[in-house]
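Open the model in your viewer and keep the selection tool at hand. Each stop below says what to pick and what is there.

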Amino acid sequence: MRSIDITVPDLSGKRAVVTGASDGMGLGMAERLAAAGAEVILPVRNERKGEAAIGTILRSVPGANVSLRSLDLSSLASVAALGEVLRDEGRPIHLLINNAGVMTPPDRQATADGFELQFGTNHLGHFALVGHLLPLLRDGQARVTSQVSVAAARGTVNWDDPNWEHSYDGMRAYRQSKIAFGLFGLELDRRSRAEGWGISSNLSHPGVAPTSLLAARPELGRSQDTLQVRLIRALSARGILVGTVESAKLPALLAATAPDSEGGTLYGPGGPGHLGGPPAQQPLYPPLRSTADAERVWRLSEDLTKVAMPTG
């Protein structure tokens, strides 16, 4: 199977933050950023996994400038605490890759703040994180890349019940979380342009690959790997249609680091169905195209998180 890769430019002197970097795609992204000379911060929930990730990066990139911070995206208090820590450090952030996520717990679960777990973690936690880091992102004229999903190609936000307190459907809730997240990422770029924040915000998606999202996750109520992930692993190993963990990290890296990557755009695999293949810019999914929906998501997110982003 032909190897797929991109060139990551020199990032010496840049400070990068990657969520969900303790394993899988996120770890691969962090490793590549470190190899390009960036200082890379890994905000993690599980310190043991975080330390193992640091070890992996240092074995691959001796002397890499990588460090851990504590973050649980399912807790707004934890998100606020990380924001305070990084603001106290006073260093501009030049790259933020919002990569962490959870997918389809079989039964409805709630975050520490009572939000449906996928909506609260995948979208609201990252929304709050950007809000708390906004001064540092502005100082760094940052590029923010938010990881969505092929699931965002269809579906909608459940405006009447965004926390799925009635008639929970795991996949529909997952689609909503990624649609809301994508709408936010695009609205962030529009508001930055209008308000002169100097931030460029775009979206990426990994296609379909055998990552840990659908694997056994006892903490999500999933005691064994799903049938979907077993099928994806088999196809990936044979180079059929879908991508690999290695190729899946590339769209976000391209979106976050390529000199010609643009704000307000979506990057993903360029193969059939955008499931695998080399990364490339592609059209926005239909559910992501409404600016009215993006503004509505922004207002809803500010209301739910109590994190208001300044104007001007």
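Two strands count as paired if DSSP finds at least two bridges between them. Keep that cut-off in mind for the sheet stops. One caution before starting: this is a predicted model.

**Stop 1: the whole chain**

Show everything as a cartoon. The chain has 9 helices and 8 strands. Colour by accessibility next: of the 312 residues, 56% are buried. Contacts reach far along the sequence. Of those between residues at least 6 apart, 73% join residues at least 24 apart.

**Stop 2: the sheet**

Select the strands. They form an open sheet of 8 strands, in the order 3-2-1-4-5-6-7-8, and the pairing is mixed. Its edges are strand 3 (66-70) and strand 8 (279-282), each of which pairs on one side only. From one strand to the next, the twist averages 25°.

**Stop 3: strands 2 and 3**

Pick residues 39-44, which are strand 2. Strand 2 pairs with strand 3 in the parallel sense, over 5 bridges. Which residue of strand 3 stands opposite Val 40? It is Val 66. Now follow the chain out of strand 2. The path runs through helix 2 (residues 47-60) to strand 3, and this β-α-β crossover is right-handed.

**Stop 4: strands 4 and 5, with their helices**

Move to strand 4 (residues 95-98) and strand 5 (residues 143-147). They run parallel and are joined by 4 bridges. Leu 95 faces its partner here: Arg 143 in strand 5 stands opposite.

Add helix 4. It lies across strand 4 and strand 5, and runs at about 180° to strand 4. Then add helix 5. This helix packs on the sheet and touches strand 4, strand 5 and strand 6. The direction of helix 5 makes about 155° with that of strand 6.

**Stop 5: the aromatic cluster**

Show the aromatic side chains. The whole structure holds 4 aromatic pairs. Select Phe 127 and Trp 298. What is the geometry of this pair? The ring centres are 5.6 Å apart and the planes meet at 85°, so the pair is edge-to-face; the cut-off for that class is over 60 degrees. Phe 127 lies in helix 4 (residues 117-139) and Trp 298 in helix 9 (residues 291-305), so the pair ties together parts that are 171 residues apart in sequence.

Both rings belong to buried residues. Phe 127 has a relative accessible area of 0%, and Trp 298 has 1%.

Keep Trp 298 selected and add Phe 184. These two form a tilted pair, with 5.6 Å centre to centre and 45° between the planes. Phe 184 lies in helix 5 (residues 170-195) and Trp 298 in helix 9, so this pair ties together parts that are 114 residues apart in sequence. Phe 184 is buried too, at a relative accessible area of 0%. Add Phe 181 to complete the view: ring pairs link Phe 127, Phe 181, Phe 184 and Trp 298 into a cluster.

**Stop 6: a charge over a ring**

Select Arg 296 and Trp 159. Arg 296 lies over the face of Trp 159, at 4.1 Å from the ring centre.

**Stop 7: Ile 199 and Ser 201**

Ile 199 sits in the loop between helix 5 and strand 6 (200-204). Is Ile 199 buried or exposed? At 5% relative accessibility, Ile 199 is buried. Its C-alpha atom is 5.2 Å from that of Gln 141, although the two residues are 58 apart along the chain. Beyond neighbours within four places in sequence, Ile 199 contacts Leu 134, Leu 137, Arg 138, Ala 142, Val 144, Asp 189 and Ser 192.

Step along to Ser 201, in strand 6. Ser 201 is buried, at a relative accessible area of 0%. Leaving out residues up to four places away in sequence, Ser 201 touches Val 144, Gly 185, Leu 188, Asp 189, Gly 263 and Gly 264.

**Stop 8: two positive phi values**

Most residues other than glycine have a negative phi. Thr 104 has a positive one, near 45°. Find Thr 104 in the loop between strand 4 and helix 4. At 17% relative accessibility, Thr 104 counts as buried; the cut-off is under 20%.

End at Lys 306, in the segment after helix 9. Lys 306 is not a glycine either, yet its phi is positive, about 60°. Lys 306 is exposed, at 66% relative accessibility.

Notes: Residues numbered from 1 in each chain as written. Predicted model: local features only at pLDDT ≥ 70, side-chain atom pairs only at ≥ 80, totals over all residues. Heavy atoms only, no water. Phe/Tyr/Trp six-rings, centres within 6.5 Å; stacked < 30°, edge-to-face > 60°. Buried < 20%, exposed > 50% of the residue type's maximum accessible area, 1.4 Å probe, protein only. Lys NZ or Arg CZ within 6 Å of the ring centre and 35° of its normal. Contact = heavy atoms within 4.5 Å. Axes fitted to C-alpha atoms, helices over the stretch in contact; angles between N-to-C directions. Right-handed = clockwise from strand over helix to strand, strands pointing away.
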